[in-house]
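Got your viewer open? Let's walk through this one together, one selection at a time.

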Amino acid sequence: MGFFLETLFGGLMAGMLYALVALGFVLIFKASGVFNFAQGAMVLFAALAMARFSEWLPQWLGFESRFLANVLAIVLAVVVMIGVAWLIERLALRQLVGQEPIALLMATLGITYFIDGAGQLIFGSATYKIDVGMPKDPMILFEDVFQGGLLLSKEDLYAALVSALLVASLSLFFQKTATGRALRAVADDHQAAQSIGIPLSRIWVIVWSIGGIVALVAGIIWGSKLGVQFSISLVALKALPVVILGGLTSVPGAIVGGLIIGSGEKLSEIYLGPFLGGGIENWFAYVLALGFLLVRPQGLFGDKIIDRV
Amino acid sequence: MLYRENGQFKQSYHADLQIFPVLQDRVAIQLLLVLAFVAVPFVASDYAFRAILIPFLILSLAAMGLNILVGYCGQISLGTGAFMAIGAYAAYNLQVRIDGMPLLVALIGGGLCATVFGVLFGIPSLRIRGLYLAVATLAAQFFTDWFTNRVPWVTNNSSSGSVSVRELSLFGMAVETPAQKYLLCLSIVVVFGLLCKNLVRGAIGRQWMAIRDMDVAAAVIGIRPVYAKLSAFAVSSFVVGVAGALWGFVHLGSWEPAAFSIDRSFQLLFMVIIGGLGSISGAFFGAAFIVLLPLLLNYVPHWLGLPLSTATASHLEHMIFGALIVFFLIVEPHGLARLWLTAREKLRLWPFPH
């Protein structure tokens with residue numbers, strides 16, 4: 001039982017990270033109808049920027065403080081991600097207005113490759129560390145309930161806490177601010193929003209910037225856990241089934257989907273893996289999403305409207 | 001000047017409907033084929049065969065298959081690598097398990113297995129489309145990666161997970177030297193190119209294009225979406241499967257599952273986009289581009305005296321691919337093939353612009 005719970009918690013924590021990446025997908029899809037394949041590349045890019053800036057800034061400016069370096073690096077990384085968002089809007093999206101979704105999807109594939117290449121060219125392609133002071137030591141809970149207690153990593157708990165905070169602040173932003181309302185208006189109907197004077201191009205920059213910032217948070221958490229390297233960008237491939245499962249337009253869906261897929265793949269690896277030869281973690285999420293697509297194409301919480309043939 | 005069709009009158013439907021209605025095109029293609037079949041085997045070096053010509057031919061074939069699905073039928077697929085893998089492993093198993101299996105039959109058998117697999121994963125396309133379908137094909141990709149890695153039966157219980165092919169022979173003749181392998185690939189590509197071109201020109205090709213352009217309208221005018229989509233998946237994965245089998249048998253000789261990873265899928269999709277969505281010649285342009293660009297990136301800086309490290313070159317390659325894809329999607333969604341077509345139109349009218 002204790003082992004089961006440990007696996008479950010481990011899966012939920014991993015799922016939280018998938019959910020963070022998936023959140024980027026959902027936000028951008030909601031407000032611009034673009035399925036942003038580049039989210040994984042943006043996570044890599046943001047994490048690389050953060051890792052390298054926190055290393056470079058103390059050298060450039062000549063200070064020692066770790067804390068200051070991290071804060072400055074995060075600020076700089078946010079600025080860089082906003083710049084990236086602006087460039088993407090300028091150079092790609094603006095030119096592709098009104099194209100079919102497939103063309104847009106393929107364009108984001110191109111953007112993925114470009115950002116991957118550019119990120120590693122600028123920031124280097126080795127493995128880098130991010131140290132934002134997340135506690136590394138595990139903790140043991142419920143020692144008297146289970147034999148040996150439950151081994152949980154504090155890092156995972158902090159990560160989950162940060163993600164929850166991020167989601168909460170994003171929902172506040174969407175619900176309470178004028179910009180948030182404008183974003184939701186654009187999400188509902190591009191043309192109507194434009195005709196009441198909401199500037200589409202600015203909205204896109206904002207949305208992609210938020211996508212970039214979410215990517216940065218995911219990158220920092222992921223990077224401080226496992227180091228920043230190319231494999232981070234593959235997380236996006238895990239986040240795809242998460243969005244499908246949760247529904248393309250639903251923020252809670254991304255979270256719930258992430259948790260389901262994270263825990264599901266860890267549990268299935270442990271309990272089904274031995275029968276199937278192991279390594280099923282890689283496709284479990286996809287097969288789950290595929291099965292789900294056939295039964296309920298809009299996902300758990302997605303909008304009912306879906307084009308079906 | 002030379003490229004002008006004055007005086008070439010078509011006096012029958014047959015003449016009007018041929019693939020290359022302009023005499024100069026016909027001559028040029030025949031010359032090209034003669035060159036490729038007769039001159040190249042004598043001229044090209046072994047390195048050129050191994051590193052450029054054979055990969056180019058096989059990838060063109062795969063891109064042609066993918067183009068049928070994505071370019072003609074509008075069903076996006078990110079799982080091409082998986083279909084290639086199925087073709088390769090099926091052909092391998094046919095060859096290993098059945099004694100005296102002719103090479104051609106093994107290749108075709110690989111293609112047929114890929115067809116079954118393709119139709120199976122094409123079934124979701126009847127209910128979903130666009131990015132949802134992309135996820136379904138990604139599922140095919142990851143499942144196949146796992147399947148070929150973890151199921152020992154597929155690799156004939158090889159301990160390292162890699163498989164290698166016995167010596168190839170065709171109708172009793174050994175296919176050993178790079179030139180012979182090249183000729184084998186070339187013949188297959190020419191045959192398949194002709195078949196595909198005729199398929200997309202015919203009734204079924206028009207059905208695919210109707211489905212791509214507007215599936216609801218296509219259904220209204222009496223095209224059965226189920227039939228059209230599944231046939232596109234079937235034909236496409238057959239061609240891709242044969243290409244996969246060739247890639248494994250002829251190009252690699254021995255391979256491991258990583259040869260057909262998701263990178264290969266993306267690479268093929270890029271070939272189709274850069275070469276030209278919805279054109280058979282586009283597959284060749286795209287494949288040529290993707291095979292040559294890395295080589296250029298390696299050689300040009302060397303000639304200029306600016307040695308690039310391998311890592312930098314590969315990052316640059318990524319950036320160039322990415323930028324080009326966005327560029328082509330914006331400026332010329334029909335890719336290099338359309339540029340070539342435009343150039344030809346211009347030549348036809350030259351020196352008068354209209």
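**First stop: chain A**

Select residues 157-174 of chain A: this span is 100% helix and 0% strand, with its end C-alpha atoms 26 Å apart. Helices here are DSSP runs of H or I, at least four residues, and strands are runs of E, at least two, numbered from the N terminus.

Before going on, know that this is a predicted model, where local features need pLDDT of at least 70, side-chain atom pairs count only at pLDDT 80 or more, and totals for chains, interfaces and linings use all residues. Residues are numbered from 1 along each chain as its sequence is written, chains are lettered from A and ligands numbered from 1 in the order in which they are written, and side-chain values use heavy atoms, leaving out hydrogens and water.

Now pick residues 242-262 of chain A. How far apart are the end C-alpha atoms here? They are 9 Å apart, and the span is 81% helix and 0% strand. Both stops are on the list that UniProt's unreviewed entry annotates as "transmembrane region" in chain A: 12-29, 67-89, 101-123, 157-174, 203-222, 242-262 and 274-295. The positions follow the numbering used here, feature names are shortened, and such annotations may be inferred rather than shown by experiment.

Zoom out to the whole of chain A, with its 12 helices and 2 strands. Going from the N terminus, you meet α-α-α-α-β-β-α-α-α-α-α-α-α-α. Its radius of gyration is 20 Å, close to the 19 Å that the globule rule gives for 309 residues, so chain A is as compact as a globular protein of that length. (That radius is taken over C-alpha atoms, and the rule is 2.2 Å times the number of residues to the power 0.38.)

**Next: chain B**

Switch to chain B, which has 14 helices and 4 strands. Its C-alpha trace spans about 65 × 60 × 45 Å along the principal axes. Try residues 51-69 of chain B: 100% helix, 0% strand, end C-alpha atoms 28 Å apart. Then residues 179-196 of chain B, again 100% helix and 0% strand, with 25 Å between the end C-alpha atoms.

**Last stop: where the chains meet**

Show both chains. 43 residues of chain B are in contact (heavy atoms within 4.5 Å) with 45 residues of chain A. Together the chains bury about 4100 Å², 79% of it on carbon and sulfur atoms; buried area is the accessible area (1.4 Å probe) lost on putting two parts together, summed over both. Highlight B:Arg127, B:Tyr132 and B:Trp146, which lose the most area to chain A on the chain B side, together 18% of what that side buries.

Which helices of chain B each supply at least two residues to the side that touches chain A? Color α6 (131-150), α10 (225-252), α11 (262-275) and α13 (310-331). Of these, α13(B) gives the most, with 12 residues.
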